[in-house]
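User: Please take a close look at one helix in this model and at what packs around it. I would also like to know where the cysteines stand with regard to disulfides.

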Amino acid sequence: MNAVIYCRVSSKEQVEGTSLDSQERACKDYAAKNKLDVLQVFTDRGESAKFADRPQLLEMIAYCRKRKPSVQRVLIWKVDRLARNVGDHFNIKASLLKHDVRVVSVTEPIDANPEGKLLETILAGFAQFDNDIRAAR
């Protein structure tokens, strides 16, 4: 089975720190443990997840579309790396599912079962809540 990795940080400090490296490393470790071949890594550096028009995110979705059916998974470190808006999270996920690509958080137990779906919705909601609180401050 094949996968791509999507990593994102929103600030220059995170770009210059180790956050991107640790995200990518965790995703590659997950891929190795689960016998997934990583075809490509997409990284948005210093891009907010408030909006879904991030360059590498759009490139990753296009890559999955063009290479259907050779990509089956998108690995992310955490749900909030994909989006910080519930609507965007599920729209991105739906766009990928149209191409038979499933999103996998390598650090959170989201799955296709009822418990996993509930947890994913809660995590996406908390990501948006955190963003909304920061904006209000």
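Analyst: What follows covers one helix, its neighbours and the cysteines.

This is a predicted model, in which local features need pLDDT of at least 70, side-chain atom pairs count only at pLDDT 80 or more, and totals for chains, interfaces and linings use all residues. Residues are numbered from 1 along each chain as its sequence is written, and side-chain values use heavy atoms, with hydrogens and water left out.

Helix α3 spans residues 55–66; helices (H or I, at least four residues) and strands (E, at least two) are DSSP runs, numbered from the N terminus. With 12 residues, α3 reaches 16 Å from its first C-alpha to its last, close to the 16 Å expected at 1.5 Å a residue; the expected span is 1.5 Å times one less than the number of residues.

Leu57, Met60, Ile61, Ala62, Tyr63 and Cys64 of α3 are buried (under 20% relative accessible area, with a 1.4 Å probe and protein chains only). The cover over these residues includes the strands β1 (2–9), β2 (37–45) and β3 (73–76), along with α4 (79–82) and α5.

Helix α5 (residues 86–97) packs on α3 at an angle of about 25°, and their axes are 9 Å apart. Axes are lines fitted to C-alpha atoms, for helices over the stretch in contact, and angles run from 0 to 180 degrees between N-to-C directions. The angle makes α3 roughly parallel to α5, a label for angles under 35 degrees. On the α3 side, Leu57, Met60, Ile61 and Cys64 make the contact (heavy atoms within 4.5 Å), and on the α5 side Ile92, Ser95 and Leu96 do. By class, these residues are 6 nonpolar, 1 polar and no charged; Ala, Val, Leu, Ile, Met, Phe, Trp, Tyr, Cys and Pro count as nonpolar, Asp, Glu, Lys and Arg as charged, and the others, Gly among them, as polar.

Cys64 also bears on the disulfide question. A disulfide is a covalent bond between the sulfur atoms of two cysteines; here the test is a pair of cysteine sulfur atoms within 2.5 Å. A search of the whole structure finds 0 disulfides. For cysteine 64, the closest cysteine sulfur is in cysteine 27, 13 Å away and so too far for a bond. Cysteine 64 has a relative accessible area of 0%. Cysteine 7 also has its closest cysteine sulfur in cysteine 27, but at 5.1 Å this is too far for a bond. Cysteine 7 is buried as well, with a relative accessible area of 1%.

Notes:
Buried means under 20% relative accessible area, exposed over 50%, partly exposed in between (1.4 Å probe, protein chains only). Angles under 35 degrees count as roughly parallel, over 145 as roughly antiparallel, 65 to 115 as roughly perpendicular and the rest as oblique.
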